[in-house]
Amino acid sequence: METREELMSEQELPGSRVRSLLLLAARAVLAVILLVLLFQFVSVSDVATSFLTARVEYLAGGLLLVVANLGLQVLKWRYFVRLMNPESTNLETAASLLFGITLGTVTPGQIGEFGGRALRHTSIRVGAIVGLTMVDRLQMMCVMGIAGTASLTILLDLGAVLTALIVGLAVLAFLGLFFNPQIVPLLIFRVRLKMLQRPWVQDFNEAVAVFRSRQLIMALLLSVTFYLVIYLQMFLLLNAYSSVQPGDAFLGFAAMMFLKALVPISLGDLGVREASSVYFYSLRGIASATSLNAALLLFVINVLFPSIIGLLFVPKVPQK
């Protein structure tokens, strides 16, 4: 016979699924609303004209760099999982990463990436995969935080002294977090001591603790290189529509990436990315149609295309 707890969990499951679906629908609607509002301030005809007159060689360059983009992500993830299990295969690593991108695309803040990566890994325990994914996400947030803070202070013209102070503090804070990832699980589980005794939590902590100075320095190099590849893609996509200087391209890009990471309110960050791109680039005198088209294409080639590929690696549902 089923226990009282099992019966209660079965009764709560349909309601939980309904709430999850409603939340997912709300995020999708919000993304659409943001895009609709954005097009109220951007001329649709200008956007269409920009698309039709785009320079093909720059578009091709941005598209080809998706190979380097995904390659660096796979390389970094492979480096991470082999810290836990040196026998993890390249196929399993790539499948885990791509399916993580797929689930991350349909969840706010790419939170589904944690589950996607864990579902495709059989050689490493779920808690460890979640821990490694958290470190990966945390490191990219730190890189985006340093570049984004510096860009925002320049774009908002806060003055040399205040800019130096804010950027200095940001560098210290984010680098301190980057090289001490174990701080995060301590904060997460601090108020729930009973949870600390669960096996998956122990796996999680072991995965976070596996990083030493050597591994963190290598991870920093991979993270910065990956970030620069995305910037180069944005630079090429911007120049496909109009001439944009490298410095202006970086300022708008860094501020946009940091803001969308801080405000994960829509699916795949759709709408937030585009609106922030238009705003920040407008501060550098770049046409709205140019920044909007570049941001939309950046989403298509770096998020949409890989998420479609990730569908090839949907795990089989085990039969009961």
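Read along the sequence, the chain of this predicted model follows the pattern α-α-α-α-α-α-α-α-α-α-α-α-α. There are 13 helices and zero strands, where helices (H or I, at least four residues) and strands (E, at least two) are DSSP runs numbered from the N terminus. Residues are numbered from 1 along each chain as its sequence is written. Because the model is predicted, local features need pLDDT of at least 70 and side-chain atom pairs count only at pLDDT 80 or more, whereas totals for chains, interfaces and linings use all residues; side-chain values use heavy atoms, with hydrogens and water left out.

The pLDDT, the predictor's confidence in each residue on a scale from 0 to 100, averages 80 over the chain, and 74% of the residues score at least 70. Among the elements of the chain, the highest mean pLDDT (95) belongs to helix α10 (residues 213-239) and the lowest (50) to helix α1 (residues 4-41). Over residues 1-12 the pLDDT is below 50. Beyond near neighbours in sequence, this stretch has two contacts in the model, a contact meaning heavy atoms within 4.5 Å. Where pLDDT is low, the predicted coordinates should not be read in detail.

Of the 320 residues of the chain, 46% count as buried; buried means under 20% relative accessible area, exposed over 50%, and partly exposed in between (1.4 Å probe, protein chains only). The accessible surface of the chain comes to about 16,800 Å², and carbon and sulfur atoms account for 69% of this surface. Accessible areas come from the Shrake-Rupley method with a 1.4 Å probe, and for residues only the protein chains shown count as cover. Among contacts between residues at least 6 apart in sequence, 75% join residues at least 24 apart.

In the interior, the largest nonpolar core holds 69 residues, a nonpolar core being a set of buried Ala, Val, Leu, Ile, Met, Phe, Trp, Tyr and Cys residues joined through side-chain atoms within 4.5 Å. Y227, M234 and F253 touch the most other members of this core. When residues up to four places away in sequence are not counted, Y227 touches M140, V143, M144, A147, F250, F253 and A254.

A search of the whole structure finds eight salt bridges, each defined as a side-chain nitrogen of Lys or Arg within 4 Å of a carboxyl oxygen of Asp or Glu. One of them joins E113 and R137, with the closest N and O atoms 3.6 Å apart. E113 lies in helix α5 (residues 112-119) and R137 in helix α6, so the pair ties together parts that are 24 residues apart in sequence. E113 is buried, at 9% relative accessible area, whereas R137 is partly exposed, at 27%. D136 forms a salt bridge with R117, and here the closest N and O atoms are 3.1 Å apart. This pair likewise links helix α6, which holds D136, to helix α5, which holds R117, across 19 residues. D136 counts as buried at 10% relative accessibility, and R117 is buried at 2%. Salt bridges that share partners join K76, E113, R117, D136 and R137 into one network. A further salt bridge is formed by the side chains of E274 and R273 (3.3 Å, N to O), and both residues are buried.

On the surface, L156, L158, L162, L165, L169, L172, Y279 and L283 make a nonpolar patch of about 760 Å². Patches are made of residues with over 30% relative accessible area and no salt bridge, like charges being joined within 9 Å and nonpolar side chains (Val, Leu, Ile, Met, Phe, Trp, Tyr) within 5 Å. Helix α7 (residues 160-178) gives the most to the nonpolar patch, with four residues. Another patch member, L158, lies in the loop between α6 (126-155) and α7 and counts as partly exposed at 34% relative accessibility.

The loop between α6 and α7 also contains D157, a residue other than glycine whose phi has a positive value, near 55°. D157 counts as exposed, with a relative accessibility of 67%. Within helix α7 is found A164, which is exposed with a relative accessible area of 52%. The C-alpha atoms of A164 and T153 are separated by 8.9 Å, the two residues being eleven residues apart along the chain.
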